[in-house]
Amino acid sequence: MADKVKEVAVEEAERIKSLASDAARSGAYLYPIRGIAYFLSHRSLWKPLTSKLAPTISLGLGVTTFMFVFTYLPQMAVMAFTSGPLAALTAAVLVLSESSTLFTVLSKTFLIEDALVDTFDGVLVSKNTTNLVSSGRQIKAGNDPIAKLGNLFKKPFAKFTPKALIRYFLYLPLNFIPVVGTVIFVILQGRKAGPAAHTRYFQLKEWNSAQRQKHIEDHKGAYTSFGVAAVLFELVPVASILFAFTNTVGAALWAADMEKGNVTTQGTAPNLREKAQRSE
């Protein structure tokens with residue numbers, strides 16, 4: 001029995017090692033960074049964000065206040081056993097992380113879903129992949145990529161389901177394990193976030209479930225790499241709403257590279273590191 005357990009553990013370690021190697025080689029973690037640069041340098045892409053800024057800020061303040069009032073002290077008590085004198089600080093960081101995640105889920109579901117779709121489509125239009133976008137919405141004449149976006153034929157992003165939030169809170173206790181637990185938590189979240197970032201792309205491609213799964217499996221390392229970077233950005237308190245938009249921009253830039261064939265077998269564009277170092 002012990003030998004069998006050891007065998008399974010070795011196989012799992014090799015699988016994780018292979019996935020990590022593929023993720024690092026892919027360089028897809030640079031797309032969220034490239035998304036920040038592209039977003040900041042293209043003012044037309046700011047419109048979807050600014051149109052939702054007031055209600056999202058109000059929601060963020062409300063969620064953060066609620067979480068500190070009702071969850072800070074209980075979590076600090078638990079942290080006292082694992083973090084000792086740093087319990088107060090560790091608990092504060094954890095509550096901020098939880099608040100940020102809850103805020104992101106609620107805002108994406110109820111406030112900024114359409115704005116994120118517009119941002120994704122706007123980037124594709126700006127990257128001259130209008131034909132892809134036209135399969136999912138009307139395209140108007142003009143030069144402004146956001147102003148050119150007409151009515152949607154159908155909305156791609158799934159509405160909120162309890163499963164994602166339940167999964168998050170099931171993984172949450174991993175954060176009580178110093179360093180290693182947090183790393184595992186982020187990777188598990190990233191594995192889901194990566195493919196989710198291309199939900200709109202899959203819809204515009206009109207892929208069925210089997211085609212989507214094959215594509216995701218073929219680029220598993222790249223999607224995990226992208227997802228981990230995106231999750232880390234969206235865990236930043238207050239700024240998480242901004243990073244939700246820049247991550248969407250990064251995902252759209254990746255999709256545009258795929259459409260143009262400027263993608264390696266690992267799932268990313270050649271010379272991506274050089275592109276990430278400069279604003280487009």
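Here a colleague quizzes a modeller about a bent helix and a group of aromatic rings in a predicted model.

Colleague: What makes you say that helix α4 isn't straight?

Modeller: Its span gives it away. For 31 residues at 1.5 Å a residue, a straight helix would cover 45 Å, yet α4 (residues 53–83) manages only 36 Å between its end C-alpha atoms.

Colleague: Okay, so where does α4 bend, and by how much?

Modeller: At Thr-71, by about 50°. That angle is taken between axes fitted to the seven residues ending at Thr-71 and the seven starting there. There's also a proline, Pro-74, within four residues after the bend.

Colleague: Which residues of α4 are buried, and what do they pack against?

Modeller: Thr-56, Gly-60, Val-63, Met-67, Thr-71, Tyr-72, Gln-75 and Met-79. Their packing partners are α5 (87–110) and α13 (240–259). Thr-71, where the helix bends, is among those buried residues.

Colleague: And what happens just after α4?

Modeller: Gly-84 takes a positive phi there, about 60°.

Colleague: Let's move to His-215. Why is it called buried?

Modeller: The cut-off is under 20% relative accessible area. His-215 comes in at 11%, so it counts as buried. This histidine sits in helix α11 (residues 209–218), and it touches Phe-202, Trp-207, Tyr-223 and Met-258, leaving aside residues up to four places away in sequence.

Colleague: How many aromatic pairs does a search of the whole structure find?

Modeller: Eleven. One of them is Phe-202 with Tyr-223, at 6.5 Å centre to centre and 65° between the planes.

Colleague: What makes that Phe-202 and Tyr-223 pair edge-to-face?

Modeller: The angle. Planes over 60 degrees apart count as edge-to-face, and 65° passes that, so the label fits. The pair also links distant parts of the chain, with Phe-202 in α10 (residues 199–204) and Tyr-223 in α12 (residues 220–234), 21 residues apart.

Colleague: Then why is the pair of Tyr-223 and Trp-254 called tilted?

Modeller: Their planes meet at 45°, which is neither under 30 degrees nor over 60, so the pair is tilted. The ring centres are 4.8 Å apart, within the 6.5 Å limit for a pair. This one joins α12 to α13 across 31 residues.

Colleague: How do you know that Tyr-223 and Trp-254 are buried?

Modeller: Tyr-223 has 1% relative accessibility and Trp-254 has 0%. Both values are under 20%, so both residues count as buried.

Colleague: Which residues make up the aromatic cluster?

Modeller: Tyr-31, Tyr-201, Phe-202, Trp-207, Tyr-223, Phe-226 and Trp-254.

Technical notes:
Residues numbered from 1 in each chain as written. Predicted model: local features only at pLDDT ≥ 70, side-chain atom pairs only at ≥ 80, totals over all residues. Heavy atoms only, no water. Helix = DSSP H or I, 4+ residues; strand = E, 2+ residues; numbered from the N terminus. Expected span 1.5 Å × (residues − 1). Buried < 20%, exposed > 50% of the residue type's maximum accessible area, 1.4 Å probe, protein only. Contact = heavy atoms within 4.5 Å. Phe/Tyr/Trp six-rings, centres within 6.5 Å; stacked < 30°, edge-to-face > 60°.
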